[in-house]
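User: I have this model open at my desk and would like a guided look at just one part of it. Please pick a single element, go through it closely and tell me what it packs against.

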Amino acid sequence: MLIMKPGGKCRNNKANSCKIYEGDYPFYTPFLRTILNIIVFLIGAYIIFSEFGMSIFLVYFAYCLIAFFYLMNNRCVRCYYHGKFCSTGIGKVAGIYKKDTVNKFIKGQWQNIFLFLVPFIPFVTLIVLIIFKFTWHRFFLLLLLFGVVSLTLFEHLTLGCTHCYEGYHCITKYLPAGLPAGRHGRHDRHGVKKRYNG
């Protein structure tokens, strides 16, 4: 059995525990995420630029900027970590926008798709190009992008989601309790989060 309240620690019957950060995340978490995000962007940008030239690259770059500020203004402002160092560090930057005290973080989670498209666009582009003309350079870039994105997701689900206050309202609460990011579980009607391990 796992019982957890916001701001405390979560434990299960295997004596696992995870701290929920009420304030800023430790510096190394957003620092690592920022480095990984920059690498993902640089790989994607290089793919677009090397295959299509400057004009298409500028369109891709503009999309990345628009998606970044759109999510800050529509998702980060609803987050508990608005104005704080969240697992990504973006919560601190999002402090330039006024906090949304009306809408909950859980609302509009579909908007995350705009962020997922940042690596997805160059990834799919490479797959299509490889189908038409295989080169080892393209294949290497595909593997490199896949590897860094996978590492970013792993970091997010372990160092980020596991300790996130908003995990109680995030889709990661539906992950199995055996996974670090799945320890948040579900709320009952009294606001206490419970999950039973088989």
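Analyst: Let's start with the whole chain: of the contacts between residues at least 6 apart in sequence, 57% join residues at least 24 apart, contact meaning heavy atoms within 4.5 Å. Keep in mind that this is a predicted model, where local features need pLDDT of at least 70 and side-chain atom pairs count only at pLDDT 80 or more, while totals for chains, interfaces and linings use all residues. Residues are numbered from 1 along each chain as its sequence is written, and side-chain values use heavy atoms, with hydrogens and water left out.

The protein has five helices and five strands, in the order β-β-β-α-α-α-α-α-β-β. These are DSSP runs numbered from the N terminus (helices are H or I, at least four residues; strands are E, at least two). Of its 198 residues, 39% are buried, where buried means under 20% relative accessible area, exposed over 50% and partly exposed in between (1.4 Å probe, protein chains only).

My pick is H1, residues 28–52. This helix has 25 residues and spans 36 Å from first C-alpha to last, close to the 36 Å expected at 1.5 Å a residue; the expected span is 1.5 Å times one less than the number of residues. Just past its end, Gly-53 has a positive phi of about 95°.

Which helices do the buried residues of H1 pack against? They pack against H2, H4 (113–132) and H5. Among the buried ones are Thr-29, Pro-30, Arg-33, Val-40 and Ile-47.

Take H5 (residues 136–160) first: its axis and that of H1 come within 10 Å and cross at roughly 155°. That makes the two helices roughly antiparallel. Axes here are lines fitted to C-alpha atoms, for helices over the stretch in contact, with angles running from 0 to 180 degrees between N-to-C directions. Angles under 35 degrees count as roughly parallel, over 145 as roughly antiparallel, 65 to 115 as roughly perpendicular and the rest as oblique. The crossing of H1 and H5 is left-handed, meaning the near helix is turned anticlockwise from the far one by less than a right angle (clockwise would be right-handed). Residues meeting there include Leu-32, Leu-36 and Ile-43 from H1, and Leu-141, Val-148 and Leu-159 from H5. By class, this contact has 15 nonpolar, five polar and four charged residues. Ala, Val, Leu, Ile, Met, Phe, Trp, Tyr, Cys and Pro count as nonpolar, Asp, Glu, Lys and Arg as charged, and the others, Gly among them, as polar.

Now for H2 (residues 54–74), whose axis comes within 7 Å of the H1 axis, with a crossing of roughly 150°. That pair is roughly antiparallel too, and the crossing is right-handed. H1 brings Phe-41, Gly-44, Ala-45, Ile-48, Phe-49 and Phe-52 to this contact, and H2 brings Met-54, Ile-56, Phe-57, Tyr-60, Phe-61 and Cys-64. The split is eleven nonpolar, one polar and no charged residues.

Two residues are worth clicking on. Ala-45 counts as buried because its relative accessibility is 7%. Apart from neighbours within four places in sequence, Ala-45 touches Phe-57 and Tyr-60, and its C-alpha is 9.8 Å from that of Ile-56, eleven residues away along the chain. Ile-35, also in H1, is partly exposed at 35% relative accessible area. The C-alpha atoms of Ile-35 and Thr-88 are 9.9 Å apart, with their positions 53 residues apart along the chain.
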